[in-house]
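Q: Please take a close look at one part of this structure and describe how it is built. I would also like to know how its pieces are held to one another and to their surroundings.

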Amino acid sequence: MNINEAKIQVRQSVETYLSRDEYGNVKIPISAQRPVFLMGPPGIGKTAIMQQIAQEMDIALVSYSMTHHTRQSALGLPVIKHKSYEGVEYDISEYTMSEIIASIYDVMEKTGKKEGILFLDEINCVSETLSPSMLQFLQYKTFGRHQVPEGWAIVTAGNPPEFNRSVREFDIATMDRMRVLKVDADYDTWRRYAVNVGLHSAIITYLDIKKTDFYAIENTVDGKSYVTARGWEDLSKTLYIYEEKGFEITDILIGQFLYNKKISRDFASYYDLFCKYKRDYHITEILEGKVEKNIIKQAKDAPFDERLSILGLLLDAVQDEIRKNVRFETAMRTLQTPLKDIKRAVGAREVRNDIQGVTAALSDKRIQLEDELEKRKKSGTIGSLEREGLQIATGLINNYIKEITAKEDVRKEVFEAVRECYASSATSLKEDIIKIKSHLDNLFVFAQKAFGEGNEMLILVTDLTVNYDSAKFIGQKGCEKYFKYNKKFQVYERLAKIDMQLQKIDLEQIEEQSNV
């Protein structure tokens, strides 16, 4: 199965194990809860789906790699206890709480979440001294004398022996205590993930052309040769930073992530072409609707791989704008309630003209948002949208404090100055939305003129649908040309399903809230 199918199976297992009856008891006793065992090659997203499931279910996540654990760190250390039996004093040995179990209680205490997932990666690489204890753990969910708290489901993962020399093959007795899911590397499934998280379009378009280069592990005369999904994702992050800093991107750099001479060399050559297309096709001008006829003709006459590169560059640019806009709007919504609270508080204390009182109230709200961010981080369930939304919101509060303290004219109410700051942010947001909608329209106009209504247009519509931010933006703000081609290619239903899960945000409501 692919990683998305595995995700469904894991989530259903977790929901089953957390199900309770009318008295609050778990329906399946903890000793009968078989941990899920994800068996698959490295770097295909096993850890990522754990984070997604925890976030979607709003439960905590504690992750551990078992490769570094000894018997002592996993089970606890022996301590001497003094006890009396039938009037006779004895010294007996007990064990301290396992580091792993203690981490669960720490997370529950810090986040307030009583349910979660304990994810143990590389479980088939446990040390020789710990191996005999795994049978007890899988059956009774205990490390030493301490049990995993009720309300915590256990998911494990590991690589097949051919990928990891440290793997210890489990016997039947051990395997019979787990729910084994064999996961394969699948490019089409991974591509949807890659588009959604914004992996570098040079990587996506290259793999669209050479899908067989997505995952390759083989033995050669020079040793092991490998390319994994994790390698592509890590390379993507590095490419973005190198481009930002103006560092040269060479085949030496690429070979550090893609440990296959042919694939790394081929991608390095493609990346050079990709950069050339970026210079030749004037991406900014296309999105602004200023494209020249010779550019359209050049794109129309280009081979398919070049067309894919052009499309990737255009999508990269517009989706980056959308991502920033969606996160800024999330931050604006995050500020609505705190600003209302401050308005009520300063009004009640009659300190509306007191700069110190208003700035202190703003600082308190900023600290609350920062605390919420840290709490969500510790639970392991916060996504990039919420994380960046909270970070932007705290930054906006800091800006508001600076603006009102810098005002020399304080004859008007201080909070009115705060309201004006928020209203200015809302106006900027609206202007940005208008600009992005124009860029989307121009993108579709160019694609239709250069590529017609073939595969390139299908890719454009699909990628805008698969990406969470662009689906959210288009679903709420609209794009007539998108819906036209979406309906033509019969992927409208996919956007509808995504949009049903999103909270509708009315820009007019945000403008009204500027009067908090």
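**The parallel sheet and its helices**

A: Among the contacts in the chain with a separation of 6 or more, 76% join residues 24 or more positions apart. The model is predicted, and its chain has 22 helices and 11 strands. Of its 516 residues, 49% are buried. Against this background, one sheet and the two helices α1 and α2 that pack on it merit a closer description.

The sheet is open and has five strands, paired in parallel in the order β2-β5-β8-β1-β9. At its edges stand β2 (60-65) and β9 (179-182); each has a single partner strand, so one side of each lacks a neighbour in the sheet. Ignoring direction, neighbouring strands are turned against each other by 20° on average. Within the sheet, β5 and β8 (residues 152-158) run parallel and are joined by five bridges. One of the residues involved is G116, whose bridge partner in β8 is W152.

Helix α1 packs on this sheet and touches β1, β5, β8 and β9, with its direction at about 165° to that of β9. Helix α2 lies across β1, β2, β5 and β8, and runs at about 175° to β5.

The residue M50 shows how these elements meet. Helix α2 spans residues 46-57, a range that includes M50. Leaving aside neighbours within four places in sequence, M50 is in contact with V10, L38, L61, I117, F119 and V155. Placed by residue number, V10 falls in α1 (residues 3-17), L38 in β1 (36-39), L61 in β2 (60-65), I117 and F119 in β5 (116-121), and V155 in β8 (residues 152-158).

M50 and L38 also belong to the largest nonpolar core, which has 112 residues; together with W190, W232, F267 and F446, they touch the most other members. Helix α17 (residues 414-451) supplies the largest share of this core, 15 residues. Another core lies apart from it and has 24 residues, including A60, Y64, I104 and I123. In soluble globular proteins, nonpolar side chains tend to be buried together.

Charged side chains provide further links. The side chains of K7 and E56 form a salt bridge, with 2.7 Å from N to O. K7 lies in helix α1 and E56 in helix α2, so this pair ties together parts that are 49 residues apart in sequence. K7 is buried, at a relative accessible area of 16%, whereas E56 is partly exposed, at 41%.

A second salt bridge joins E115 to R20, with the closest N and O atoms 3.7 Å apart. E115 is in the loop between α4 (99-111) and β5, and R20 is in the loop between α1 and β1, so the pair connects parts 95 residues apart in sequence. Both residues are partly exposed: the relative accessible area is 25% for E115 and 30% for R20.

A search of the whole structure finds 25 salt bridges. Among the others, D266 and K262 meet at 2.9 Å, N to O; both lie in helix α11 (residues 261-280), four residues apart, about one turn of the helix. Elsewhere, D320, R323, K324, R327, R387, E388 and D469 are linked in a network of salt bridges.

Definitions and conventions:
Residues are numbered from 1 along each chain as its sequence is written. This is a predicted model: local features need pLDDT of at least 70, side-chain atom pairs count only at pLDDT 80 or more; totals for chains, interfaces and linings use all residues. Side-chain values use heavy atoms; hydrogens and water are left out. A nonpolar core is a set of buried Ala, Val, Leu, Ile, Met, Phe, Trp, Tyr and Cys residues joined through side-chain atoms within 4.5 Å. Buried means under 20% relative accessible area, exposed over 50%, partly exposed in between (1.4 Å probe, protein chains only). Contact means heavy atoms within 4.5 Å. A salt bridge is a side-chain nitrogen of Lys or Arg within 4 Å of a carboxyl oxygen of Asp or Glu. Two strands pair if DSSP finds at least two bridges between them. Axes are lines fitted to C-alpha atoms, for helices over the stretch in contact, and angles run from 0 to 180 degrees between N-to-C directions.
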